[in-house]
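Trainee: Could you walk me through reading this one? I'd like to go feature by feature.

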Amino acid sequence: MRLTTKGRYAVTAMLDLAINAEHNPVSLADISERQDISLSYLEQLFAKLRRYELVTSVRGPGGGYQLARSMENIDIAEVIDAVNETVDATRCQGHAGCNSGDICLTHHLWQGLSQQIHDFLSGITLADLVNKREIRDVARRQNERQQTAYTLNSNKIETSFLE
């Protein structure tokens, strides 16, 4: 059993958004750069997150995405559900047909585990994660690294323009 890339990336992107969208919308390009997630993949994920009304888009210069609700009111299970991801411990994706079309001996055990994981993730909000010192430290380092890269690129452009 494992959470696929789609679910992990969706949670990571939403957490990045929650941390960085305090005052202004955040562009997917900035999330892509900080989290090393393909921009086109983020566009697909955010289309689903928008349909699920977890984010809103802001058009125009300075546009990007914002949380549709406060981070205290968005739990991790919602994010995973929004991108059509399941945390499923069964071999049959919960359909009870893994044993030649019949339910297997351990189906209810694994289905119960899947429900426990979903319940666990339902009890964790974006705010819970944002408020963890360890997560804020990682976000600070990512933002510093992004700012350093931006400054280096700006200096290269300025130098080549002057030559």
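Trainee: Where do I start with contacts: what share of those between residues at least 6 apart in sequence join residues at least 24 apart?

Mentor: Sort the contacts by how far apart the partners sit in the chain. In this predicted model, 65% of the contacts between residues at least 6 apart join residues at least 24 apart.

Trainee: And which elements does the protein have, in what order?

Mentor: Read from the N terminus: α-α-α-β-β-α-α-α-α, so to speak seven helices and two strands. The radius of gyration is 20 Å, well over the 15 Å from the globule rule for 163 residues, so the protein is more spread out than a compact globule. The C-alpha box, roughly 75 × 30 × 30 Å along the principal axes, is worth a look too.

Trainee: Which residues have the most contacts inside the largest nonpolar core?

Mentor: For a core, look for its best-connected members. Here the largest one has 37 residues, and those with the most contacts inside it include Met14, Leu17, Phe46 and Val79. H1 gives the largest share, eight residues. Zoom in on valine 79: leaving out residues up to four places away in sequence, its partners are Ala10, Val11, Met14, Leu49, Leu54 and Ile74.

Trainee: How many aromatic pairs are there?

Mentor: Two. With a pair, check the ring distance and the angle between planes. Tyrosine 9 and tyrosine 41 are edge-to-face, 5.7 Å centre to centre with 85° between the planes. Tyrosine 9 lies in helix H1 and tyrosine 41 in helix H3, so the pair ties together parts 32 residues apart in sequence.

Trainee: Is tyrosine 9 buried or exposed?

Mentor: In between: buried means under 20% and exposed over 50%, so tyrosine 9, at 27% relative accessibility, counts as partly exposed. Tyrosine 41, at 26%, counts as partly exposed too.

Note on methods:
Residues are numbered from 1 along each chain as its sequence is written. This is a predicted model: local features need pLDDT of at least 70, side-chain atom pairs count only at pLDDT 80 or more; totals for chains, interfaces and linings use all residues. Side-chain values use heavy atoms; hydrogens and water are left out. Rings of Phe, Tyr and Trp (its six-membered ring) pair if their centres lie within 6.5 Å; planes under 30 degrees apart count as stacked, over 60 as edge-to-face and the rest as tilted. Helices (H or I, at least four residues) and strands (E, at least two) are DSSP runs, numbered from the N terminus. Buried means under 20% relative accessible area, exposed over 50%, partly exposed in between (1.4 Å probe, protein chains only). A nonpolar core is a set of buried Ala, Val, Leu, Ile, Met, Phe, Trp, Tyr and Cys residues joined through side-chain atoms within 4.5 Å. Contact means heavy atoms within 4.5 Å. The radius of gyration is taken over C-alpha atoms; the globule rule is 2.2 Å times the number of residues to the power 0.38.
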